[in-house]
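Please explain this structure to a reader who is new to it. Begin with one residue, then move to the whole chain and its interior.

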Amino acid sequence: MNLPVEEMPTHWYNIQADLPEPLPPPKDPPTGPSRLKALPEMLLSECLRQETSTERWIPIPEEILDLYAQAGRPRPLIRARRLEKALKTPAKMYYKAEFYSPTGSHKVNTALAQAWYAKREGYERLATETGAGQWGTALAYAASLVGLKTTIYWVRAVHDWKPERRAFMRLYGAEVHASPSPATKVGRDLLKKDPKHPGSLGIAVSEGLEDARGDEKAIYCLGSVLSHVLLHQTIIGLETKRQFELLGEYPDTLVSSLGGGSNFGGFALPFLADAIHGKELRFVAAQSEAAPNLQGEYRYDFADHAELTPMLKMYTLGHTKEMRPIKGDGLRYHGCAPVLSLLRHLGYIDTIAYPADEKHVFSRARQFVRAEGFLPAPESAYSVACAIDEAEKAKDSGEKKTIAFNISGHGFMDMPGYSEVLGL
Ligand SMILES: *Cc1c(COP(=O)(O)O)cnc(C)c1O
């Protein structure tokens, strides 16, 4: 199901207007300098405003709508008929094709917005972290389109096995560092302890923040977790909802992968609004046993390793937790977005964590590739695996379910991961 460009949503949806209870605000730790007071230097003014807004609908500026159209939005919602047939499931399966993206993932939805706001606010350079590399590429792309520079701190464990993606970021003009890097104090301190430190998303966030703080022409951008990032991503779920409406259908099970929560949130929040208002819906977040943050504790924790950020009330494994590298490295983060954490705490979101050897997940992705032809990113393979598992359950129970799942990105640059796990 394709939506014409005229049908693209013109507003983002802000779940904060509909939450059953208010979102616990960020807070300062008991000791040390105030992180809350430093927030205006840390985030774009417009993003900070959106972060705490309780307005239900936030207009998308005309220029950002143009950038969305240029990036190929709206994106298709596809009925997985061949997969259904191969599985012999009575369930209907629909996937949202976020992999139709210039850089390969849903991350462009917030990258374009943040880069455009940064340009408008007079900045010249963006600094950021990246895990799987998708966010770094998306921001480098968005910055290039609006005429800004980018500096990217990339988790070393992934940086080292994705040389093509590194070249792709550089093609857009980005400066790329393996993290921890010698370019920041946080990085230097960690390298002293271990010159081959594999890094983590929490560490890379600290490096990006430290970098941007040292240059008034630079601003830090974050690709997940925060409410304004999820807000920008709601374009995914809003389109999907409209597409189901035109099909005369409504899903009863919604599935996506969850690292920090941006693609899951973007896809699910417009439907979670209906669940809050009483509709019977099942939401499943697909995670890895290497980073099952939704099974952690619901408490205040830092968003980064070096404790530069305010504390957020979220499901967390602890901000200095060491997690083993996986091929779906975009899912390897210690905490989950506060908005989704609250909804999980209130019982709206279920979760499954797949074994860290990733054999099950990649085998499911192989079934999907053979039936449908599209290659999911390793992170998106978790969503595919979970959707197929749900369809198998429907087969066992004979239920006529309608399963909607989000495919957050393509895996064109992640073949070494597939080869290693599946022995290709
Ligand atoms: C970043 C990323 C993820 C995980 O991050 P979320 O913020 O949880 O969405 C999943 N899939 C892809 C393709 C990604 O790039």
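Is Gln367 buried, partly exposed or exposed? The model at hand is a predicted one. In it, Gln367 has a relative accessible area of 30%. Buried means under 20% and exposed means over 50%, with partly exposed in between, so Gln367 is partly exposed. The residue sits in helix α14. Setting aside its neighbours within four places in sequence, Gln367 is in contact with Leu83, Leu87 and Ile388. Of these, Leu83 is 284 residues away along the chain, yet the two C-alpha atoms are separated by 7.8 Å.

That pairing leads to the protein as a whole. Among contacts between residues at least 6 apart in sequence, 76% join residues at least 24 apart. The protein has 16 helices and 14 strands. Its radius of gyration is 20 Å, and the globule rule gives 22 Å for 424 residues; the two values are close, so the protein is as compact as a globular protein of that length. The C-alpha trace spans about 60 × 50 × 40 Å along its principal axes.

Next come the surface and the interior. Of the 424 residues, 64% are buried. The accessible surface comes to about 15,800 Å², and carbon and sulfur atoms account for 51% of that area. The protein carries 50 positive and 52 negative charges, and the mean positions of the two sets are 4 Å apart.

In soluble globular proteins, nonpolar side chains tend to be buried together. The largest nonpolar core here has 68 residues, and the members that touch the most others are Trp12, Ile15, Leu126, Phe283, Leu340 and Leu343. Several elements give two or more residues to this core, among them the strands β1 (11-13) and β10 (282-288) and the helices α3 (62-70), α5 (108-120) and α13 (338-345). Helix α12 (262-276) is also on that list, and the largest share of the core, nine residues, comes from α12.

Met42 is a buried residue to look at in detail. It is found in helix α1, which covers residues 35-42. Its relative accessibility is 5%, and it therefore counts as buried. Leaving out residues up to four places away in sequence, Met42 touches Arg35, Leu209, Arg213, Ile219, Tyr220, Leu308, Thr309 and Pro310. Another distant part of the chain can be located from Met42 by distance: Cys221 is 179 residues away along the chain, and the C-alpha atoms of the pair are separated by 8.4 Å.

Arg166 belongs to another helix, α8, which runs over residues 163-171. Beyond residues up to four places away in sequence, it touches Trp154, His159 and Val176. Ala178 is 12 residues from Arg166 in sequence, and the C-alpha to C-alpha distance between them is 9.9 Å.

The loop between β7 (175-179) and α9 (185-193) contains Pro180. What kind of peptide bond joins Ser179 and Pro180? The bond is cis, with omega about 5 degrees. Thr184 lies in the loop between β7 and α9 as well. With a relative accessible area of 1%, Thr184 is buried. Apart from neighbours within four places in sequence, Thr184 is in contact with Tyr153, Glu207 and Glu210. The C-alpha atoms of Thr184 and Gly214 are separated by 10.0 Å, with their positions 30 residues apart along the chain.

A cis peptide bond also joins Arg73 and Pro74, where omega is about -10 degrees. Pro74 lies in the loop between α3 and β3 (77-79).

Two loop residues remain, and here the backbone angle phi is the point of interest. Val225 is not a glycine, but its phi is positive, at about 70 degrees. It is placed in the loop between β8 (218-220) and α11. The relative accessible area of Val225 is 5%, so this residue is buried. Glu358, likewise a residue other than glycine, has a positive phi near 65 degrees. Its loop lies between β13 (349-354) and α14 (359-372). Glu358 is buried too, with a relative accessible area of 3%.

Technical notes
Residues are numbered from 1 along each chain as its sequence is written. This is a predicted model: local features need pLDDT of at least 70, side-chain atom pairs count only at pLDDT 80 or more; totals for chains, interfaces and linings use all residues. Side-chain values use heavy atoms; hydrogens and water are left out. Helices (H or I, at least four residues) and strands (E, at least two) are DSSP runs, numbered from the N terminus. The radius of gyration is taken over C-alpha atoms; the globule rule is 2.2 Å times the number of residues to the power 0.38. Buried means under 20% relative accessible area, exposed over 50%, partly exposed in between (1.4 Å probe, protein chains only). Contact means heavy atoms within 4.5 Å. Accessible areas come from the Shrake-Rupley method with a 1.4 Å probe; for residues, only the protein chains shown count as cover. Lys and Arg count as positive and Asp and Glu as negative; His and the chain ends are not counted. The place of a charge is taken as NZ of Lys, CZ of Arg, CG of Asp or CD of Glu. A nonpolar core is a set of buried Ala, Val, Leu, Ile, Met, Phe, Trp, Tyr and Cys residues joined through side-chain atoms within 4.5 Å.
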